[in-house]
Amino acid sequence: MLFTQRSNEILKSGGKKQIEFTAYCYVTKQSISDFKHGKSFPTLETLFNFRKFFDCSSDYLLGLTDSDKN
């Protein structure tokens with residue numbers, strides 16, 4: 001569940017609106033809600049877009065490192 005925790009942290013502190021994120025990543029508001037509550041996880045493409053949009057490391061999101069920078 002580290003992805004859920006870290007993605008929530010980035011979504012809250014990212015300074016961007018959720019609607020911008022859904023448009024950029026081609027996901028629905030429901031998908032974002034499911035990610036936030038640990039009900040589902042993003043596809044590789046969505047994970048890649050997530051890290052690009054928020055300028056963070058995929059390894060950080062997946063719990064492989066403690067640094068959120070690329």
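Buried here means under 20% relative accessible area, exposed means over 50%, and partly exposed is in between (1.4 Å probe, protein chains only).

**View 1. The whole chain, a predicted model.** By that cut-off, 37% of the 70 residues of the protein chain count as buried. This is a predicted model, where local features need pLDDT of at least 70, side-chain atom pairs count only at pLDDT 80 or more, and totals for chains, interfaces and linings use all residues. Residues are numbered from 1 along each chain as its sequence is written, and side-chain values use heavy atoms, with hydrogens and water left out. There are five helices and zero strands in the protein chain (helices are DSSP runs of H or I, at least four residues; strands are runs of E, at least two; numbering starts at the N terminus). The C-alpha atoms fit a box of roughly 30 × 20 × 20 Å along the principal axes.

**View 2. How confident the predictor is.** pLDDT, the predictor's confidence in each residue from 0 to 100, averages 86 over the protein chain, and 96% of the residues score at least 70. Among the elements, helix α1 (residues 2-13) has the lowest mean, 85, and helix α4 (residues 44-54) the highest, 90.

**View 3. Where α2 meets α3.** Helix α2 (residues 18-25) and helix α3 (residues 29-36) have axes that come within 9 Å and cross at roughly 105 degrees (axes are lines fitted to C-alpha atoms, for helices over the stretch in contact; angles run from 0 to 180 degrees between N-to-C directions). That makes α2 roughly perpendicular to α3, a label for angles of 65 to 115 degrees. On the α2 side the contact (heavy atoms within 4.5 Å) is made by Q18, I19, F21 and T22, and on the α3 side by K29, I32 and K36.

**View 4. The buried side chains of α4.** Which residues of α4 are buried? They are T46, L47, N49, F50, R51, F53 and F54. Among the elements covering these buried residues are α1, α2, α3 and α5 (58-61). Just after α4 comes D55, with a positive phi near 50 degrees.

**View 5. A closer look at D59.** You'll find D59 in helix α5, partly exposed with a relative accessible area of 38%. Leaving aside neighbours within four places in sequence, D59 is in contact with L64 and T65. R6 is 53 residues from D59 in sequence, and the two are 11 Å apart in space, C-alpha to C-alpha.

Terms used: Angles under 35 degrees count as roughly parallel, over 145 as roughly antiparallel, 65 to 115 as roughly perpendicular and the rest as oblique.
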